[in-house]
Amino acid sequence: MSIKITGTGSALPVRAVTNEEITHLVDTSDEWIRERTGIGGRHVSTGETVASLAARACGLALENAGKSAREVELILVATCSPEDVTPCAACQVQEQIGAVNAVAFDLNAACSGFLFALHTAWAYVESGIYQNALVAGSEVLSKIVDWEDRGTCILFGDGAGAVYVEKCEDGGILGFVQHSDGSRGHVLSGACRALENPFFHQEQTKNYIKMDGREIFSFAVRQIPKTIEEALARAELSAGEVDLFLLHQANRRIIEGISKRLGVDMDRFPMNLERVGNTSSASIPLLLDEINRKGALKPGMRLVLSGFGGGLTCGACVVEWQ
Ligand code: UT7
């Protein structure tokens with residue numbers, strides 16, 4: 001038994017921000033950003049929230065699957081940039097879409113969050129606890145990005161993607177792997193509020209995203225091909241038998257490095273980072289939805305979804321489309 005994706009949806013904030021606009025904020029250029037990352041623009045929230053974007057994406061995924069909100073049994077929202085500690089974004093989504101029968105909670109594994117949430121949904125369905133789930137990745141990173149740091153503010157964008165998954169007997173998720181390495185957490189960090197109470201006081205530091213870009217770059221290029229091979233071995237497939245590789249949209253050069261190591265042509269690695277930048281946990285379902293809505297996915301096609309990011313975390317999932 002496994003789960004199959006029967007609906008996809010996505011949502012972006014209305015405001016699109018070009019590289020040229022970023023050059024008015026930090027010392028950078030459109031040419032540098034495009035050449036070093038492949039990013040040409042991103043969407044930035046002017047009021048949209050993690051929950052409102054996720055709710056839009058989930059609503060579209062349900063519509064795409066031909067299901068009603070009342071049928072949903074589980075809602076998982078992966079995010080590392082929620083507005084509220086409580087209620088969690090997933091409960092806000094439940095309320096906004098009217099999924100009155102669902103249980104809902106959030107999950108944070110940074111840019112690997114959507115994949116880890118998808119695998120969690122698989123575990124719930126496989127064990128018979130639930131029959132279906134809405135799984136979303138949603139981020140409003142613009143509120144935790146340091147807009148004075150050219151090493152990070154050029155990269156990230158806001159947005160959400162979601163899938164509706166159901167129990168299936170054949171196909172669907174054929175194999176997956178996930179890894180965490182907490183000893184390298186400092187490579188990509190974003191602090192919360194400092195500890196402050198009547199009994200203790202801690203100096204508040206700037207709680208923005210801090211990143212060692214080169215470290216993450218080499219982690220992704222070295223680790224992701226191995227992780228994909230591991231997931232493919234579990235599915236008893238080789239890279240040559242995969243139709244499309246949908247990777248976390250962090251940097252075009254990272255994706256090129258991974259394609260080279262896997263020995264697979266770049267035309268099997270669709271990308272949307274030129275328009276949306278790095279949307280962390282939203283990037284894989286956002287890309288999947290765009291491809292699905294173009295009608296590019298046919299039954300029997302094999303996809304690899306793979307992501308990496310803060311934690312450090314990474315994972316890969318092999319899917320047979322139905
Ligand atoms: O979602 C997962 C999390 N994040 C990632 O996956 C990010 C992974 N890393 C990357 O994408 C790349 O490392 C970056 C795009 C962040 C940086 O690219 P890079 O090729 O690794 O550049 P670098 O950090 O090695 O810097 C090269 C030069 C430096 O100047 P010097 O020391 O050579 O004079 C930087 O100061 O480029 C400079 N630089 C910039 N110049 C113009 C760094 N950022 C910028 C910028 N505009 N925005």
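A pocket is an open set of grid points, each a place where a 1.4 Å probe fits, with protein on both sides within 12 Å along at least five of seven lines. The exercises below concern a predicted model.

**Exercise 1. Describe the largest pocket: how much space lies in it, and which residues lie nearest its centre?**

Solution. Begin with the volume, which is about 860 Å³ for the largest pocket. Next, consider the lining, which is made up of 31 residues, with C80, I144, G190, A191 and C192 lying nearest the centre. Finally, assign the lining to strands: β5 (103-107) and β9 (188-190) each supply at least two of its residues, and the largest share, three residues, comes from β9.

**Exercise 2. Work out how many disulfides the structure holds, and why C153 forms none.**

Solution. Recall that a disulfide is a covalent bond between the sulfur atoms of two cysteines. The cut-off applied here is a sulfur pair within 2.5 Å, and a search of the whole structure finds zero disulfides. For C153, the closest cysteine sulfur belongs to C111 and lies 16 Å away, which is too far for a bond. C192 is likewise in no disulfide, its nearest cysteine sulfur being that of C80, at 10 Å.

**Exercise 3. Decide for C153 and for C192 whether the residue is buried or exposed.**

Solution. Apply the thresholds: under 20% relative accessible area is buried, and over 50% is exposed. C153 has 1% relative accessibility and therefore counts as buried, whereas C192, at 67%, counts as exposed.

**Exercise 4. Lay out the four-stranded open sheet and identify which strands stand at its edges.**

Solution. Write down the strand order first, which is β8-β15-β14-β13, with mixed pairing. The edges are β8 (172-180) and β13 (244-247), and because each has a single partner strand, one side of each is left without a neighbour in the sheet. From one strand to the next the twist averages 10 degrees. Then examine the pair β14 (residues 302-309) and β15 (residues 313-320), which run antiparallel and are joined by eight bridges; here G309 stands opposite T313 in β15. Last, add helix α9 (residues 283-293), which packs on the sheet by touching β13 and β14, its direction making about 140 degrees with that of β13.

**Exercise 5. Place S306 in its surroundings: in which strand does it lie, and which residues does it touch?**

Solution. S306 lies in strand β14 and, at 1% relative accessibility, counts as buried. Leaving aside residues up to four places away in sequence, its contacts include L246, L247 and H248, as well as I284, G315 and A316.

Terms used
Residues numbered from 1 in each chain as written. Predicted model: local features only at pLDDT ≥ 70, side-chain atom pairs only at ≥ 80, totals over all residues. Heavy atoms only, no water. Buried < 20%, exposed > 50% of the residue type's maximum accessible area, 1.4 Å probe, protein only. Pairing = 2+ DSSP bridges. Axes fitted to C-alpha atoms, helices over the stretch in contact; angles between N-to-C directions. Contact = heavy atoms within 4.5 Å. 1 Å grid on protein atoms, 1.4 Å probe; cavity = no way out; pocket = protein on both sides within 12 Å on 5 of 7 lines; lining within 4 Å. Points joined across faces, edges and corners; volume = space filled by probe spheres on them.
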